[in-house]
Amino acid sequence: MKRLFWLGVGLAAGAYLTRRAAEAAQNLTPAGIGANLADGLRELGAGLGAFGAEVRAGMETREQELTQLLERRTGGSVPTLGEALQEPPAAPQATTRGRARRAGA
């Protein structure tokens, strides 16, 4: 019975080691190295994308906090980016007669 048990353990260990050796050999081929490199780059890209999304979310939250603080302290509203980039309306120009009257008066 003991011999049969150790035979089973040996067969299981042999199958496991054979499988691991085949995986290691596959990983050392150019195709295996390329696949590992591609997987690593894919994981890096996903990580960078997640990091960028978290940074953007944090920036938006902080911008809202600062806008609320500024509005609370000044009592005015903060213009949006589109409003801030618009050209201010042109001031009405005085006529030359109006300037001459003011200067002479």
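Here is a friendly chat about a predicted model of a protein.

Visitor: How should I read the numbering and the values?
Guide: Residues are numbered from 1 along each chain as its sequence is written, and side-chain values use heavy atoms, leaving out hydrogens and water. In this predicted model, local features need pLDDT of at least 70 and side-chain atom pairs count only at pLDDT 80 or more, while totals for chains, interfaces and linings use all residues.

Visitor: Which helix has the lowest mean pLDDT?
Guide: pLDDT is the predictor's confidence in each residue, from 0 to 100. The protein averages 87, and 89% of the residues score at least 70. Where pLDDT is low, the predicted coordinates should not be read in detail. Among the elements, α2 has the highest mean, 94, and the lowest, 55, belongs to helix α4 (residues 96–104).

Visitor: How many helices and strands are there in the protein?
Guide: Helices (H or I, at least four residues) and strands (E, at least two) are DSSP runs, numbered from the N terminus. From that end, the elements run α-α-α-α. The count is four helices and zero strands.

Visitor: What span does helix α2 reach from its first C-alpha to its last?
Guide: Helix α2 covers residues 30–74, which is 45 residues. The expected span of a helix is 1.5 Å times one less than its number of residues, giving 66 Å here. After α2 comes Gly75, with a positive phi near 80 degrees. The span of α2 itself is close to the expected one, at 65 Å.

Visitor: What percentage of the residues count as buried?
Guide: Buried means under 20% relative accessible area, exposed over 50%, and partly exposed in between (1.4 Å probe, protein chains only). The protein has 105 residues. Of these, the buried share is 3%.

Visitor: Which residue forms a salt bridge with Asp39?
Guide: A salt bridge is a side-chain nitrogen of Lys or Arg within 4 Å of a carboxyl oxygen of Asp or Glu, and by this rule the count comes to two. Asp39 is partly exposed, at 36% relative accessibility, and its partner is exposed, at 54%. The two are three residues apart in helix α2, so about one helical turn separates them. With the closest N and O atoms 2.8 Å apart, the partner is Arg42.

Visitor: What is the N to O distance in the salt bridge of Arg62 and Glu65?
Guide: Both residues lie in helix α2, three residues apart, about one turn of the helix. An α-helix has 3.6 residues a turn, so residues three or four places apart point the same way. Arg62 is partly exposed at 45%, and Glu65 is partly exposed at 40%. Their side chains meet at 3.2 Å.

Visitor: Which residues form the aromatic pair?
Guide: Rings of Phe, Tyr and Trp (its six-membered ring) pair if their centres lie within 6.5 Å; planes under 30 degrees apart count as stacked, over 60 as edge-to-face and the rest as tilted. A search of the whole structure finds one such pair. It is edge-to-face, 5.0 Å centre to centre with 75 degrees between the planes, and its members are Phe5 and Trp6.

Visitor: Is Leu7 buried or exposed?
Guide: Leu7 lies in helix α1 (residues 2–27). Its relative accessibility is 51%, so Leu7 counts as exposed.
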